[in-house]
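Notebook open, coffee poured. I want to look a few things up in this structure and jot them down as I go.

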Protein chains: 2
Amino acid sequence: MKKRTTLKQLARELDVSISTVSKALKNSPEISQDTIDRVKAFAKLLNYRPNNIALSLKNRKTKTIGIIIPDIVHHFFTKVIKGVEKYANSKGYNVIVGLSNESFSNEVINMEMLANGSIDGFIISMARETMQRQDYQHYTETLNEEIPLVMFDRVVAEIPCDKVIVDDTKGAEIAVNTLINKGATKIAILTTKDYVSVGRLRTKGYLEALKNHGINPIRDLIIKIDDELLYEEDHLDVLEKQVRELLLNHTDVNGIFAVNELYAVVAMKVAKEMGYEIPNDLQVIGFTDGMLSKHATPTLSTISQHGESMGSKAAELLIQRIDERVNDLPKEPTKTVVISTNLIQRGSTK
Amino acid sequence: MKKRTTLKQLARELDVSISTVSKALKNSPEISQDTIDRVKAFAKLLNYRPNNIALSLKNRKTKTIGIIIPDIVHHFFTKVIKGVEKYANSKGYNVIVGLSNESFSNEVINMEMLANGSIDGFIISMARETMQRQDYQHYTETLNEEIPLVMFDRVVAEIPCDKVIVDDTKGAEIAVNTLINKGATKIAILTTKDYVSVGRLRTKGYLEALKNHGINPIRDLIIKIDDELLYEEDHLDVLEKQVRELLLNHTDVNGIFAVNELYAVVAMKVAKEMGYEIPNDLQVIGFTDGMLSKHATPTLSTISQHGESMGSKAAELLIQRIDERVNDLPKEPTKTVVISTNLIQRGSTK
DNA sequence: TAACATTACTATAACGTTTGCGTGTTGATA
DNA sequence: TATCAACACGCAAACGTTATAGTAATGTTA
C-alpha cells in the first residue's frame, strides 16, 4: 500500500526536523522565511496534505457530526440532512449518516458505532420502535459521556438536550381552521397511533381547532393508522380501505386533514375514484411539503415543515454545544427551538 | 472537558501497564486469566470503549466510506445511499455523505475534505456541472493517491475505476417497445440535454426501439430539456409549456416516454388538463421508480432502476478495492457492473 | 569580554492504540 | 544447585500531528 506524504518524509528529504516542517507550513515566526519557502515548495510538489485522523486524535475532536434518522427514503429527512450538511460544511464539519430503519437496535448499534470517538456530536430523530419502547438509555448514556446530542422532529421530553421541533399542534390547527374557513363543515383526520409524537400533537391541533369553532369531534372521523408499514405497499391498502369506509359511512365529510402528505394523496385518490371532486366536494390539507404534494392531482395544500431550516438549526445548536464542551464554557440550559410552520395553499382547497 | 476512559486510566488504577490492559481486553494468552478478569470487570465498570480515531491512525484505515452525490432530495440517490449504508454497515463501515449540489466546486471541496484520511474510499455520482465541464482532475488525483473510487449512474469513460450503472439504453428500449406493443404509434420522448449521460443513453434506446420497429424518428417529438433547474419550480413551467406545444402540434401523439418520473408526471398533468385520457388516449412510461410514480394519478408505469441494488453493489466493489489496497493484493482490472432494469407496469399504460 | 538577546532550529511529549520483544519470577529438570 | 522453560507481565516504538521547552550559533550590550 502506497503511503501518503507525511511530515516525516518531508523532513527527511529536506534534512530538517519534523517540527520545522510543521511550523514552516504554518508560517511560524520561529522559522526563517527561506526555510518556509523551501518547505512549502517541496510540500506542494509532493502534494502534502495533513492527515485528518492524526489531527483528530491530537485535538480530540473530529469535526464530524453524526445524524441518525429513521429512514432516508423520505423527503422530510432528506431536507433535514441537506440543512445539516449546509450548516455543518460552512463550519468545516463533515456529516456522517446513520440509518436506524425505524428499528431500536439499529439505532443503538449505529450510535455505538459512532460514539467511540468518530463524531463530536449527534443529531437524531427517533426510530419508531424506540418511541414505542420508550427505552432511552442509549440517549442518556451518550449524554453522560458528554457527547452533545440534538433531537429533532421526533423528540421526547425525558431527555435533557437541545431540540428542534415544529409546532405540530399549531400547524394542524391552522390547517383545520383553514378548512373550516373555506366552508368545510365536517372534517376528518387521518393520523397515526398516539405513540408517534407528531401524530399525537397534530391530532391535538385538529381537536383544538374544532373546539374553537364549537364543533364536536366525532370519533368515527378520527382515523388512527398504525404506521408500522408506512411507505410499504400493503400498508396503503389498509389506508385506502379505511378512507373508503369513512367516505361511505359519512357521505357529508367535506374536509380531510392528513398528518402527512402520503395519507393526503391516498385520500385524494380514493375520493376521486368514488366520484368526489376536489376541492369542490372535498377539501384536503396535508402535512409536510414534499414531492407528492407538489405533483399530485390536484396539487396538495399542505403545512410546510421547513425541514431544511430544522436541519441547519439543529446543526447550529449542536455545534454550539460542541464548542461549549471543547472550550469548557459554562453549560447553557437546554433549548427547544420551534420552527414555525406555514400553510401552502394549492389545488386541494378552495 | 471530561475525558473518556482510556487504557492509560485503566492501567493506572489497576496498577498494571497499558499493554497488559490492552492485551487482557483482547484475551491474549500472554495474560493470566486472573488479570484478564480483573481488567475486564474494571473496564466494564468504567464503560471503556476503544477510541476509534486512535485505531484508525494506528491501522491506517478508517472503516468509513464517503459518498458524494449531487442532491440528496432525490428519491433515486436516497435509495442508493440506503443500499450503500446497508452493505457498508454489514461490513463494519460507516458512511459519510457529501453533497455536491450539482456544483463542480462543491464536489471538489467535498472530496478534498474527505481525501485527507477521513475515509477509505469514495462512491460518487457526478455533479451536473462536472459533466458539463468535463474536468475530471479531482478524480484522477484521488486515484493517483490510490484512494479507491467507485462511480455510479452518472459515470464517465475517461476515469479508470469501478462503475455501477444501469443499462439506460436497454431500459429505454424496453419502455418504448412496450409502448409500441401496446398500440402506441406516435411516441414522443422527454429527455435531457446530451451532456447528461443518462439522458443521452435513454434517448439512444428510444431511437433504437423506433428503428427496430421501422418507425422513423421525428425531430419534433424529441424534447431535450435543459435540466439546469430540475426540481426547481420555474423549470417545470418550461417543461409544461413544451409538452403543451407538443400535444398541440402533434395531436396524434399517443405515447410518451420520459427519462425520469418527474417529466412523466408533468406530462400526464398537462395531458389531463388538455382532456386526454390516460392510458386510453395517451400512454406514458417514465424512468426511475420513486414516490411520484407510485402515487400519481394514474399511477405511472416506469422503468425501475433498483437504486438500492446499485448502492450495495457499489459498496461491495469499493470495499473489495479497499481490501485489495490494504492487503497489497494484485490489482484486478476495473469492472463496470450493469444493474438490469425492469418495467413496472401500472396505470399509465394499457 | 562576560552576560544576555535574538534567531532558527531540534527534541520531546502527548493524543490512544497495538504489538514484538525483553525480562523477572517461578517451578521443573539434570 | 546450576540450567532452562514457561509464565506473566512491562517496555518501547509506531501511526501523524502539534506545542512546549530546550539549544546551538549568532549578534548586542555594558
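**Entry 1: rings**

I started with aromatics and found that A:Phe76, A:Phe77 and A:Phe152 form one aromatic cluster. A note to self before going on: this is a predicted model. Over all chains, I get eight aromatic pairs in the structure. One to look at is A:Tyr136 with A:Tyr139: the ring centres are 6.2 Å apart and the planes meet at 15°, so I log the pair as stacked. The cut-off I needed for that call is planes under 30 degrees apart. I also checked burial, and both A:Tyr136 and A:Tyr139 are buried.

Then I went to chain B for B:Tyr136 and B:Tyr139. They form a stacked aromatic pair, with 6.2 Å from centre to centre and 15° between the planes. For burial, the limit is under 20% relative accessible area. B:Tyr136 comes out at 10%, so I put it down as buried. B:Tyr139 is at 0% relative accessibility, so it goes down as buried too.

**Entry 2: what sits by A:Thr130**

Next I looked up A:Thr130, which I found in helix H7 of chain A, residues 128-133. Its relative accessible area is 0%, so it counts as buried. Which residues does A:Thr130 touch, leaving out those up to four places away in sequence? My list reads A:Phe104, A:Glu107, A:Asp135, A:Tyr136, A:His138 and A:Tyr139. So both tyrosines of the chain A stacked pair are on the list of A:Thr130 contacts.

I also took a distance to A:Phe42. It is 88 residues from A:Thr130 in sequence, and the C-alpha atoms are 54 Å apart in space.

**Entry 3: arginine over a ring**

I checked for charges over rings. The charged end of A:Arg202 sits over the A:Phe287 ring, at 3.7 Å from the ring centre. In chain B, I found the charged end of B:Arg202 over the ring of B:Phe287, also 3.7 Å from its centre.

I stayed with B:Arg202 for a bit. It belongs to helix H10 of chain B, residues 197-212. Is B:Arg202 buried or exposed? Its relative accessible area is 4%, so buried is what I wrote. Setting aside residues up to four places away in sequence, B:Arg202 touches B:Asp153, B:Asp168, B:Ala172, B:Ile189, B:Phe257, B:Val259, B:Phe287 and B:Gln305. B:Phe257 rang a bell, which took me to the cores.

**Entry 4: cores**

The largest nonpolar core has 152 residues, and A:Phe257 and B:Phe257 are the ones with the most contacts inside it. Apart from that core I found another one of 44 residues, whose members include A:Phe122, A:Tyr139, B:Ala115 and B:Met151.

**Entry 5: two more residues**

A:Ile215 was next. I located it in the loop of chain A between helix H10 (197-212) and strand E7 (222-225). Its relative accessibility is 24%, so I have it as partly exposed. Apart from neighbours within four places in sequence, A:Ile215 is in contact with A:Ile180, A:Thr185 and A:Leu210. From A:Ile215 to A:Arg202 I get 13 residues in sequence and 17 Å in space, C-alpha to C-alpha.

Then B:Glu324, in helix H14 of chain B, residues 307-326. With a relative accessible area of 11%, this glutamate is buried. Not counting neighbours within four places in sequence, B:Glu324 has contacts with B:Leu329, B:Pro330, B:Lys331 and B:Glu332.

**Entry 6: chain A as a whole**

Last, I zoomed out. I count 14 helices and 12 strands in chain A. Why do I call chain A more spread out than a compact globule? Its radius of gyration is 26 Å, and the globule rule gives 20 Å for 350 residues; 26 Å is well over that, so the chain is more spread out. The box filled by its C-alpha atoms is roughly 90 × 40 × 35 Å along the principal axes.

How is chain A divided into domains? The assignment gives domain 1 (7-50), domain 2 (62-166 + 308-339) and domain 3 (168-305). Between the centres of domain 1 and domain 2 of chain A, over C-alpha atoms, I have 39 Å.

Two percentages to finish the page. Of the 350 residues of chain A, 57% count as buried. Among contacts in chain A with a separation of 6 or more, 73% are between residues 24 or more positions apart.

Conventions
Residues are numbered from 1 along each chain as its sequence is written. Chains are lettered from A and ligands numbered from 1 in the order in which they are written. This is a predicted model: local features need pLDDT of at least 70, side-chain atom pairs count only at pLDDT 80 or more; totals for chains, interfaces and linings use all residues. Side-chain values use heavy atoms; hydrogens and water are left out. A nonpolar core is a set of buried Ala, Val, Leu, Ile, Met, Phe, Trp, Tyr and Cys residues joined through side-chain atoms within 4.5 Å. Buried means under 20% relative accessible area, exposed over 50%, partly exposed in between (1.4 Å probe, protein chains only). Domain bounds come from an automatic or database domain assignment. Rings of Phe, Tyr and Trp (its six-membered ring) pair if their centres lie within 6.5 Å; planes under 30 degrees apart count as stacked, over 60 as edge-to-face and the rest as tilted. A charge sits over a ring if NZ of Lys or CZ of Arg is within 6 Å of the ring centre and within 35 degrees of the ring normal. Helices (H or I, at least four residues) and strands (E, at least two) are DSSP runs, numbered from the N terminus. The radius of gyration is taken over C-alpha atoms; the globule rule is 2.2 Å times the number of residues to the power 0.38. Contact means heavy atoms within 4.5 Å.
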